[in-house]
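Let's walk through a fold together, one feature at a time. Have the viewer open and follow along.

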Amino acid sequence: MAACPADLFGKNPGGHKSIETYSMHAAEYDKWFDGDFSALFNAEFSSVQSALTALFAEKEFNLLEIGIGTGRFAGHVKKCMPKSRIHGLEPAAGMAQICRATFQSISESVTVIEQKAEDLESDMFNGTSMDCVMMVTTLGFLGDHQLALSKIKGVLAPQGVVCVAFINGETSWGQEYLQVMRDRGGGGGGGGGGGGGDVCLEVSMVTMVTMVMM
């Protein structure tokens, strides 16, 4: 069975060990989107697409996804909004490699920088200002939220927006996600699974979409 996030990250989901783990198991993790939670992934993407379409419609725009991972969400954005220019930040090298291959498979280009959000700098993308910075299930993985948001603000265009998508743990989807993680041992203490608090942080920060003017 494909790896669930709870199978991979430890007590410090934004830590160096977690990044290495995601890099090593990137291909296994990517299969997760086609497995138990493919319906959830499609529902999440529909929410994100609706928000982006309302803002940008047929416009050209620069989008930066923080924690672009294997490119699942960003790839769908590109397919549905072909005028978007996709950029990504991803600290796990294995994830970034799959992301580049994902975009190559649909004959599109993507700029992926292998860095954490806390290390984001405006010159990483040749000075390109972002019309939208998107984070999908990412907030729970940031080591320093205040620093990361400050760096994000630095790359936004004057009227740029931040799109944060998260599963509400109180919804039926969130509860089902939590149950699967418990069944897989994700609610355990140390080792390969995350502690209960870490799991709840990830889930509480992931199908609602918030648009924030910066």
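**Reading the core and the strands**

Q: Which residues is Ile86 in contact with, leaving aside its neighbours within four places in sequence?

A: Keep in mind that this is a predicted model. Ile86 is in contact with Leu63, Ile68, Ala74, Val77, Lys78, Phe103, Val110 and Thr111, once neighbours within four places in sequence are left aside.

Q: Which members of the largest nonpolar core touch the most other members?

A: That core has 33 residues, and Ile86 is on the list along with Leu52, Leu63, Val77 and Met134. At least two residues of this core come from each of α2, α3, α4, β1, α5, α6, β4 and β5. The most come from α4, which gives five residues. There is also a second, separate core of 19 residues, with Ala117, Leu120, Val133 and Ala148 among them.

Q: How do β4 and β5 run, and how many bridges join them?

A: They run parallel, joined by six bridges. Look for Met135, which stands opposite Val164 in β5. Between the two strands, the chain passes through helix α7 (residues 145-155), making a right-handed β-α-β crossover. As for β5 itself, nine of its 11 residues are buried, leaving this strand mostly covered.

Q: Where does Thr70 lie, and is this residue buried or exposed?

A: Thr70 lies in the loop between β1 and α5. Buried means under 20% relative accessible area. Thr70 has 2% relative accessibility, so this residue counts as buried. Leaving aside neighbours within four places in sequence, Thr70 is in contact with Ala26, Asp30, Phe33, Met95, Ile98, Cys99 and Thr102.

Note on methods
Residues are numbered from 1 along each chain as its sequence is written. This is a predicted model: local features need pLDDT of at least 70, side-chain atom pairs count only at pLDDT 80 or more; totals for chains, interfaces and linings use all residues. Side-chain values use heavy atoms; hydrogens and water are left out. A nonpolar core is a set of buried Ala, Val, Leu, Ile, Met, Phe, Trp, Tyr and Cys residues joined through side-chain atoms within 4.5 Å. Buried means under 20% relative accessible area, exposed over 50%, partly exposed in between (1.4 Å probe, protein chains only). Helices (H or I, at least four residues) and strands (E, at least two) are DSSP runs, numbered from the N terminus. Contact means heavy atoms within 4.5 Å. Two strands pair if DSSP finds at least two bridges between them. A crossover is right-handed if, with the strands pointing away from the viewer, the path from the first strand over the helix to the second runs clockwise.
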